[in-house]
Amino acid sequence: MGYKATVSTANGGPLNFRAGTSTGSDLLAQIPNNTVIHVKDIGNSSWVKAFYNQKLGYVMRQHLNEHPNSVSYGIEAIERYGERNFTVGYSSVGVLRFHQDIHYFAFLSGSTYTDESRQAVREYQEAKGLAVDGIAGIATKEAAYRDYLG
């Protein structure tokens, strides 16, 4: 289980978002200061796994204001369903798991996100009080993962 954290660099600049737990790892992006991200401890006191801009990567813990009481299953949801937002026509094993895991979507099957998927997600988002757009992004995936856990 993870939590949310706010990027808080000493100089107010962006935080490097890396492919690995080293300052020599590939730079995936720079996260603007004051951005809230989903993070998860990885047993390393200096680095945490993070999700930003539809990607999983790593950031240095010292540049975060952690919200440890803000339980988040965002990283776990992304690990289970994949990094990319689901839109109509997208196919993946993550879509298949998403369809299988959620009792709300019992009538959905297959590994392709369809018009029926989008409509079901819109209804699900409305029922969960999420922003309704029919796209299965981080908030929808996290809610679905919580339902999957029971």
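Contact here means heavy atoms within 4.5 Å. The structure is a predicted model, and the residue environments below refer to that model.

By this criterion, and leaving aside neighbours within four places in sequence, Y81 is in contact with F86, G94, R97, F98, D101, I102, K141, A144, Y145 and Y148. Y81 also belongs to the largest nonpolar core, a set of 15 residues in which Y81, F86, F98, Y113 and A144 touch the most other members. Helices α1, α2 (93-101), α3 (115-128) and α4 each contribute at least two residues to this core. Helix α4 gives the largest share, with three residues. A second core, separate from this one, holds 13 residues, among them Y3, A5, V39 and L64. In soluble globular proteins, nonpolar side chains tend to be buried together.

The packing of α1 on α4 was examined next. Helix α1 spans residues 74-81 and helix α4 residues 138-149; their axes lie 8 Å apart, at an angle of about 90 degrees. Angles of 65 to 115 degrees count as roughly perpendicular, so α1 is roughly perpendicular to α4. On the α1 side the contact involves G74, E76, A77, I78, R80 and Y81, and these residues meet I138, K141, E142, A144, Y145 and Y148 of α4. Sorted by class, the contact of α1 with α4 comprises seven nonpolar, one polar and four charged residues. Y81 and A144 therefore appear both in this contact and among the core residues that touch the most other members, with Gly counted as polar in the classes used.

Helix α3 contains Q125. The relative accessible area of Q125 is 1%; because buried means under 20%, Q125 is classed as buried. Not counting residues up to four places away in sequence, Q125 touches L130, A131, V132, D133, G134, I135 and T140.

The strands described here are β1, β4 and β5. Strand β1 (residues 2-7) pairs with strand β4 (residues 36-41) in the antiparallel sense, over four bridges. In this pairing T6 stands opposite V36 of β4. Strand β4 is also joined to strand β5 (residues 47-52), again by four bridges and with an antiparallel run. H38 has F51 of β5 as its bridge partner. Strands β4 and β5 form a hairpin, with five residues between them. Within the turn, G43 has a positive phi of about 80 degrees.

Notes:
Residues are numbered from 1 along each chain as its sequence is written. This is a predicted model: local features need pLDDT of at least 70, side-chain atom pairs count only at pLDDT 80 or more; totals for chains, interfaces and linings use all residues. Side-chain values use heavy atoms; hydrogens and water are left out. Two strands pair if DSSP finds at least two bridges between them. Axes are lines fitted to C-alpha atoms, for helices over the stretch in contact, and angles run from 0 to 180 degrees between N-to-C directions. Angles under 35 degrees count as roughly parallel, over 145 as roughly antiparallel, 65 to 115 as roughly perpendicular and the rest as oblique. A nonpolar core is a set of buried Ala, Val, Leu, Ile, Met, Phe, Trp, Tyr and Cys residues joined through side-chain atoms within 4.5 Å. Buried means under 20% relative accessible area, exposed over 50%, partly exposed in between (1.4 Å probe, protein chains only).
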